[in-house]
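Reader: I am new to this structure and should like to be guided through it by questions and answers. Please begin with the charged side chains.

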Amino acid sequence: MKNDKELILKKLDELTGTWRSSGEMYTEDNSRISINGTDSYEWLPGNQFLIPRADVHVGHDKIDVIEIIGEYDENRKACAMHAFQNDGSHGLMWATVESNGSLLFSGDAIRSFFNIAKDGKSMHAKWEHPDHSKWIH
């Protein structure tokens, strides 16, 4: 039986490579805007820290993000995920694996579920943010 850290690192390993990102999101006024770009995932030597990079357009905005995932917190049973964005913002999220096998990235203001296809060639990501007492897509 693998421990939680090994399970998370194994699931993160499924992300390695470059992915085309596309989809849509909803604004506060419930209008839709498109998302298009690429996301890439690469291990630092030693395979303990994964470096995701996102280069996407969200509507008219270009967003570049670099993250570092891997610092394991035994109390949370999660790997820290530090994100740094081109607009100067930064944040901390946590990577865990759900009982259904989904990779979950969660923070105070956002969470996302990643489900990678069995063939490893595609994935579905669902991003949510809190709205009062519930999470909304």
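Reader: Which residues are linked with Asp55 in a network of salt bridges?

Author: This is a predicted model, in which local features need pLDDT of at least 70, side-chain atom pairs count only at pLDDT 80 or more, and totals for chains, interfaces and linings use all residues. Residues are numbered from 1 along each chain as its sequence is written, and side-chain values use heavy atoms, with hydrogens and water left out. A salt bridge is a side-chain nitrogen of Lys or Arg within 4 Å of a carboxyl oxygen of Asp or Glu. The residues linked with Asp55 in such a network are Lys62 and Asp64.

Reader: Is Glu128, which meets Lys126 in a salt bridge, buried or exposed?

Author: Buried means under 20% relative accessible area, exposed over 50%, and partly exposed in between (1.4 Å probe, protein chains only). The side chains of Lys126 and Glu128 meet at 3.2 Å, N to O. Lys126 has a relative accessible area of 32% and is therefore partly exposed. Glu128 has 7%, so this residue is buried.

Reader: What is the N to O distance in the salt bridge between Lys62 and Asp55?

Author: Lys62 is partly exposed, at 38% relative accessibility. Asp55 is also partly exposed, with a relative accessible area of 34%. Their side chains meet with an N to O distance of 2.2 Å.

Reader: Which element gives the most residues to the largest nonpolar core?

Author: A nonpolar core is a set of buried Ala, Val, Leu, Ile, Met, Phe, Trp, Tyr and Cys residues joined through side-chain atoms within 4.5 Å. Of the 17 residues in the largest one, Leu12, Leu15, Ile69 and Phe105 touch the most other members. Among the elements that give two or more residues are helix H1 (4–13) and strand S2 (32–43), where helices (H or I, at least four residues) and strands (E, at least two) are DSSP runs, numbered from the N terminus. The most, three residues, come from H1.

Reader: Within what arc do the buried residues of H1 fall?

Author: In H1, the buried residues are Ile8, Leu9, Lys11 and Leu12. They line one face of the helix, because, seen down its axis, they fall within an arc (that of the directions from the helix axis to the C-beta atoms) of 160 degrees.
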